[in-house]
Amino acid sequence: NWRLVTERLAESWKHQPAWCLYMHQATDHKVAAIAVRGTDVEKSLGGDLFTDINALPERMVGSDGVSVIAHSGMLASARKLEPELRQALRALVAFDYQIILVGHSLGAGVVALLVWLLKHGPDGQRLPESAQIFGVGYATPSCVDKKTSEAMQP
């Protein structure tokens, strides 16, 4: 009973990975999944390549004082994606949905940083602490420092 709710698949460029939002509602639980596509140079007209190679370390401090050193291209993508999804994420949290962010390769790195932003980022980006939000990455590249990586483990 999964259904596609919304997506941005056709418009993908530098720091703008393609994504889609699916929802599932059962009698005992509600789940939303946001999938972020991995590197696809052809579909992104080369933009994903620029995101991948924009690999300088960038430090960010969240509003709760937690800091991260991250892959600058993937962090830029997560920062750009968060406002696109903000309204939907807040509505899902308000209706007690469990939110799962999934990604492969470049998408997995962006998902990892998006989860970090939603848990620690500036106040406008943070979800309430009660939010049930998880990230699952496949072939996740190294995109954060060791301390953050260890802290983000389930």
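**Figure 1. Lys-146 and Glu-150 within helix H4 of the predicted model.** The two residues are four positions apart in H4, about one turn of the helix. Their side chains form a salt bridge in which the closest N and O atoms are 3.8 Å apart. Lys-146 is exposed, at 63% relative accessibility, and Glu-150 is partly exposed, at 46%. The pair is one of five salt bridges found in a search of the whole structure.

**Figure 2. The salt bridge between Arg-8 and Glu-84.** An N to O distance of 2.8 Å separates the two side chains. This pair links distant parts of the chain, with Arg-8 in strand E1 (residues 3–8) and Glu-84 in helix H2 (residues 72–94), 76 residues apart. Arg-8 has a relative accessibility of 12%, under the 20% cut-off, and therefore counts as buried. Glu-84, at 35%, counts as partly exposed.

**Figure 3. The salt bridge between Arg-79 and Glu-58.** The closest N and O atoms of this pair are 2.7 Å apart. Arg-79 belongs to helix H2 and Glu-58 to strand E4 (residues 57–61); the two are 21 residues apart, and the pair links distant parts of the chain. Both partners are partly exposed: the relative accessible area is 30% for Arg-79 and 25% for Glu-58.

**Figure 4. Helix H3 in its surroundings.** H3 has 15 residues and reaches 21 Å from its first C-alpha to its last. That span is close to the 21 Å expected at 1.5 Å a residue. Of the 15 residues of H3, 13 are buried, so the helix is largely enclosed by the rest of the structure.

**Figure 5. The largest nonpolar core.** This core has 34 residues, and Leu-101 and Leu-113 touch the most other members. At least two residues each come from strands E2 (19–25), E3 (30–36), E5 (67–71) and E6 (98–104), and from helices H2 and H3. The element that gives the most to the core is H3, with 10 residues.

**Figure 6. The largest pocket and its lining.** The space in this pocket is about 660 Å³. Its lining consists of 26 residues, and those closest to the pocket centre are Thr-148, Ser-149, Ala-151, Met-152 and Gln-153. Helix H3 (106–120), strand E7 (133–138) and helix H4 (146–151) are the elements that give two or more residues to the lining. H3 gives the most, with seven residues. By residue class, the lining divides into 15 nonpolar, nine polar and two charged.

**Figure 7. Asp-96 in the loop between H2 and E6.** Asp-96 is not a glycine, yet its phi is positive, at about 60 degrees. With a relative accessible area of 59%, Asp-96 is exposed.

**Figure 8. Ala-139 in the loop between E7 and H4.** Phi of Ala-139 is near 55 degrees, a positive value in a residue other than glycine. Ala-139 has a relative accessible area of 57% and is therefore exposed, the cut-off being over 50%.

Technical notes:
Residues are numbered from 1 along each chain as its sequence is written. This is a predicted model: local features need pLDDT of at least 70, side-chain atom pairs count only at pLDDT 80 or more; totals for chains, interfaces and linings use all residues. Side-chain values use heavy atoms; hydrogens and water are left out. On a 1 Å grid over the protein atoms alone, a cavity is a set of points where a 1.4 Å probe fits but cannot get out, and a pocket is an open set with protein on both sides within 12 Å along at least five of seven lines; lining residues have an atom within 4 Å of a point. Grid points are joined across faces, edges and corners, and a volume is the space filled by probe spheres set on the points. Ala, Val, Leu, Ile, Met, Phe, Trp, Tyr, Cys and Pro count as nonpolar, Asp, Glu, Lys and Arg as charged, and the others, Gly among them, as polar. A salt bridge is a side-chain nitrogen of Lys or Arg within 4 Å of a carboxyl oxygen of Asp or Glu. Buried means under 20% relative accessible area, exposed over 50%, partly exposed in between (1.4 Å probe, protein chains only). The expected span of a helix is 1.5 Å times one less than its number of residues. A nonpolar core is a set of buried Ala, Val, Leu, Ile, Met, Phe, Trp, Tyr and Cys residues joined through side-chain atoms within 4.5 Å.
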